[in-house]
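Here are my notes for you, written as numbered points. Keep the 3D view open and find each piece as you read.

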Amino acid sequence: MKTDRIGEAWTRVRANLRASAGQRLFDQWLKPMTLIEDADEGTERVRLALPSAFMTNWVKNHYSDRLLLEFRNFLPEVRSVTVETQKASAPRKLATDAVPDAATAAPTAPRLASIVPLPSKANIERPVFDERFGFDRFVTAPSNQVAFNAAMAMAEPGAPRFTPLFIHSATGQGKTHLMHAIGRAFLEADPNASAIYMPAERFMFEFVQAMRARDTFAFKARLRGVDLLMIDDLQFIAGKDSTQEEFFHTVNEFMNAGKRLVIAADRCPQALDGVEPRLVGRLSAGLVADIRAPEPELRRAILNAKLAEMDAKVPADVLDMLASRITSSVRELEGALNRLVAYAQLIGETVTVEFAEQTLGELLRGSQRRVTIDEIQRAVSSHFDVKQIDLISERRAVAIARPRQIAMYLAKRLTTRSLPEIGRKFGNRDHSTVIHAVRRIEDLRTKDGDIDAAVRTLTRQLEA
C-alpha cells in the first residue's frame, strides 16, 4: 500500500466524516486528526493522531469502528486503524486539508461550545452555541417559569440584575438548553462580547493541566477575562479541594466585577455535598432558580412543539400516552418521540398506541406507575357518577354499559392483566366481551369528542 494511496483515502474519509457527523462535531473532534506517515509503506495498518489524550480517548470510544469501515470502503486491504496521541517532539504527519491551529487548541466535549478567537480581539472567545437551544424553543409552564425568566434577564444588555444565576434541576429538564439560550442571546445582542461555557469537569481538567504546566495565570486570565462565564454540572467538583478553591476565587472575581456568571447543577447549593460552605454561600448570593419535574400539560406541550418541527404524524392518543407515562425527564420524553417517529419511517409503519407500546416497551414499562383495575373502576364510577358495583353488574343500560366499556378499555391499556383476568374483574365476563369493549371505545374515540376527552382525563388522573 503506497503512502499516496493512504493520503487520498484519508482525504475522502475526512469528507465522509464531515458530512455524516455534522460540521460542529467534526470541527471539535475529527478535524484535528492527522495521518501519520509510517516508514513501512507495505503495512496494512493506518495510524491517526490527535493532539491530546483527552481527544484520543473520545474518538477511540465513539469512532474506532467507523474509521475502519470508512478506510475499507476505499482500501479493502486495510486491516486496522489506530488512533494515538501525537508526540510533540515527533510530528510525523502527511499533508491534509488545512486545519486552523485554533481547532486543536482546546478539546471540548461534543455538547460544548468550540472556542475560536475573534480576529478583531485576540482575547475574546466566541462559542458556537447550539442553534436548537434558543429561548423561542423553550416551552414554559409554572415548573420552569422562574428559571426561564431569570435566564432571559441574564441575557439582556447592560449591567446584570443579579449574579450569579444558579439553575438546578434533575437531569434532562432543560438546564443546558437555557444556558445555550443565554449565550446565544447575549452574543447576538453584543457581537463584541465574550463568553465561555464548559462543564465543571472540564473546568477541573483544564485547571489541573494548568497546575501541572505551572501556568495557572493563563487559565485564570482566560476565564476571568470574559463577559459571560457559564459552568454546567457543578456537582462534579464536590470533594475536589484545589478545584473548589480556584472556582471560589473565580466566583468572587465575577461578583466583585458585576459580570455575568451562570452555574447549573442537579441540586440546590445547600444540597451540594462535599462543597465548601463559603462557596455555597457565594452560589446562594445571587438568584437560585429551580426547574421542577414537568407537569402533564407541559409534557404534552413539549411533544406538540417537537412534533411541529418534524415531518411526521403522531395521533393524539399516542402523544397523550407518552406525556402521561414518561414523567421524569424532558430529554427522555423528546427522545421517545424521536425514536418512535424514526422507527415508523424506517419500516413504513403507521404510528399507533400499539406500535408505540411495542417500540418503546421497556421505556414505557420502566416509567409507568402501577395502576390497578380497582383504581380504574373507582375513577370511572366517580367520573360518570355511577356506582362501582354497577360496573360489574349485569345492567346493560347505556348509562352503565358505556362507562363499563371505558373501564375495560383502560384496564387493557394501563395494566398488565390478561383479557380473561380483566373479564373476571368485571363480573366474570368472557374475554371476548373485553375485546369488544376495547374495540368499541377505540372506534368511539375517533367519532365522539366527549368519549375521547373522558378517556384522556381518566388516563392522566390514573397515571399522575
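**Notes on a helix, a sheet and their neighbours**

1. Let's start with what surrounds helix α21. Its buried residues pack against four helices: α12 (316-325), α16 (373-384), α18 (398-414) and α20 (431-447). Keep in mind as you look around that this is a predicted model.

2. Now α21 itself. The helix covers residues 449-463, which makes 15 residues, and it reaches 21 Å from its first C-alpha to its last. That is close to the 21 Å expected at 1.5 Å a residue.

3. Which residues of α21 are buried? They are I451, D452, A454, V455, L458, T459, L462 and E463. If you look down the axis of α21, these buried residues fall within an arc of 160°, so they line one face of the helix. Turn to the face pointing away from that buried side and you'll find the exposed residues G449 and D450.

4. Zoom in on the start of α21. There, a side-chain oxygen of D448 comes to within 2.9 Å of the backbone nitrogen of D450.

5. Next, the sheet. It is an open one with five strands, paired in parallel, and the order is β7-β8-β9-β6-β10. Strands β7 (195-199) and β10 (287-291) sit at the edges with a single partner strand each, so one side of each has no neighbour in the sheet. Going from one strand to the next, the twist averages 15°.

6. Pick out one pair inside that sheet: β6 (residues 165-169) and β9 (residues 260-265). These two strands pair in the parallel sense over four bridges. To get your bearings, find L165, which stands opposite V262 in β9.

7. What packs on the sheet? One answer is helix α6 (residues 175-189), which touches β6, β7, β8 (228-232), β9 and β10. The direction of α6 makes about 170° with that of β8. Another helix to find is α9 (residues 241-257), which lies across β8 and β9 and runs at about 140° to β9.

8. Last, have a look at helix α11 (residues 296-308). Its 13 residues reach 19 Å from the first C-alpha to the last, close to the 18 Å expected at 1.5 Å a residue. The buried residues of α11 are L298, R299, R300, I302, L303, K306 and L307. Among the elements covering them are α12, α13 (330-347) and α21, which brings you back to the helix in the opening points.

Definitions and conventions
Residues are numbered from 1 along each chain as its sequence is written. This is a predicted model: local features need pLDDT of at least 70, side-chain atom pairs count only at pLDDT 80 or more; totals for chains, interfaces and linings use all residues. Side-chain values use heavy atoms; hydrogens and water are left out. The expected span of a helix is 1.5 Å times one less than its number of residues. Buried means under 20% relative accessible area, exposed over 50%, partly exposed in between (1.4 Å probe, protein chains only). The arc is that of the directions from the helix axis to the C-beta atoms. Contact means heavy atoms within 4.5 Å. A polar contact is a pair of N or O atoms within 3.5 Å; within protein, one must be able to donate a hydrogen and the other to accept it, and residues adjacent in sequence count only if both atoms are side-chain atoms. Two strands pair if DSSP finds at least two bridges between them. Axes are lines fitted to C-alpha atoms, for helices over the stretch in contact, and angles run from 0 to 180 degrees between N-to-C directions.
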